[in-house]
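Thanks for making time this morning. I would like to walk you through one structure, and I will put it on the screen together with its sequence before I say anything about it.

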Amino acid sequence: MKIKSIWFHIGFWIVYTAIFTIVGASYKGKYTEALTFELMNMPMRLIIVYFNYFVLLPKLLLQGKTAKYFAYTLLTLIISGFIQRIINYEILSTLHTDMVDSGIWLPYKFLQASMIIASPLIFIIGISVIWKVAELQKRAKTLENEKLQSELKYLKSQINPHFLFNTLNNIYGLTLESSKKAPELILKLSDFLSFSLYESSQRFILLEKEISLLNDFIDLEKSRFEDRVDVQVDIPEQIDSVSIPPLILVPFIENAFKHSLKNETKIAHIIVKLEVINGQLIYEVINSKPEDTVDDSSLKGIGLQNIKKRLDILYNDRYQLDIKDEERLYTIVLRITI
């Protein structure tokens with residue numbers, strides 16, 4: 001038992017005894033007699049209350065064995081009431097020789113003794129149960145937060161390995177050709193990986209950093225596909241300083257490159273728009289679809305599924321994700337209330 005809890009119990013018994021002494025003395029004005037009576041009942045009260053608190057409560061009630069708990073509690077109260085009645089009778093007979101002797105075997109006196117012992121038990125166990133429930137709720141909330149953080153970390157860590165593999169292959173090809181593009185692409189890839197490893201561990205980052213990562217990703221992908229893809233980026237140079245979760249925008253671009261170029265024999269088109277208006281971030285990605293391919297996997301991509309889970313966790317009902325899948329175009333519009 002913790003020190004704080006010990007002081008709580010000591011304080012409870014002092015206050016409890018004082019209150020019932022005052023109440024008991026209020027009839028006859030005999031405080032000493034009332035206090036003596038309370039102290040006579042104290043040992044049995046302590047035994048029953050703490051037997052219940054340390055044994056019955058954790059082993060039965062908190063384990064869901066409610067019927068057994070109440071059965072054993074009732075049994076202990078009956079036995080203790082019987083014993084306490086005998087103790088009280090013997091002590092009071094000794095202290096008050098002039099007391100009218102009505103006999104020891106009075107049923108209501110046994111019931112009265114049981115109720116005297118039960119009254120502090122109700123307070124202690126009631127408070128303890130409320131305390132335990134509050135602790136369990138707090139622990140459940142902590143575990144839920146830990147689970148959400150763990151899930152977010154897992155979702156953020158899923159960088160598409162194909163992207164890394166293809167980008168490295170592309171850079172390798174450029175180095176063989178002694179292309180001047182190679183060092184720049186290596187630097188961009190290094191920045192991208194650095195961001196994924198370190199910045200992505202934060203819950204929120206500045207939008208400017210996410211946009212910078214977005215541009216690096218687009219440059220790396222354009223270097224792979226060169227003239228096979230036309231990318232138009234419409235993002236204002238000056239944008240409101242707001243914070244968003246890291247790696248929340250890139251998966252949409254990744255999805256657009258993947259599904260616009262898959263089986264495409266002509267030039268694929270991708271349009272990216274981003275703006276912040278009246279406390280709302282509006283992000284739109286449009287990509288063309290190949291003519292001769294029926295591709296219904298856009299909605300099922302792991303990247304999009306992950307991003308929707310992250311948005312649900314982070315924003316709940318403060319975001320809106322609209323997806324329009326047309327014959328020749330695939331459009332995603334994300335609105336986040338900042």
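Let me begin with a question: through how many residues does a hairpin join β6 to β7? Please keep in mind, as you look for it, that this is a predicted model. The hairpin that links β6 to β7 passes through 3 residues, and the two strands it connects, β6 at residues 319–325 and β7, run antiparallel and are joined by 7 bridges. Within that pairing, Leu321 stands opposite Leu334 in β7.

β7, which covers residues 329–337, also pairs with β5, residues 280–288, again in the antiparallel sense, and here the pairing extends over 9 bridges. If you would like one position to locate on the screen, take Gln280, whose bridge partner in β7 is Thr337.

Turning to the other end of the sequence, helix α1 runs from residue 3 to residue 28, and its 26 residues reach 39 Å from the first C-alpha to the last, which is close to the 38 Å expected at 1.5 Å a residue. The buried residues of α1 include Phe12, Trp13 and Tyr16, and also His9 and Ser5. Just after α1 comes Gly29, which takes a positive phi of about 75°.

For the chain as a whole, there are 9 helices and 7 strands, and 39% of the 338 residues count as buried. The chain exposes about 20400 Å², with carbon and sulfur atoms supplying 60% of that area. Finally, if we take the contacts between residues at least 6 apart in sequence, 73% of them join residues at least 24 apart.

Terms used
Residues are numbered from 1 along each chain as its sequence is written. This is a predicted model: local features need pLDDT of at least 70, side-chain atom pairs count only at pLDDT 80 or more; totals for chains, interfaces and linings use all residues. Side-chain values use heavy atoms; hydrogens and water are left out. Helices (H or I, at least four residues) and strands (E, at least two) are DSSP runs, numbered from the N terminus. Buried means under 20% relative accessible area, exposed over 50%, partly exposed in between (1.4 Å probe, protein chains only). Contact means heavy atoms within 4.5 Å. Accessible areas come from the Shrake-Rupley method with a 1.4 Å probe; for residues, only the protein chains shown count as cover. Two strands pair if DSSP finds at least two bridges between them. The expected span of a helix is 1.5 Å times one less than its number of residues.
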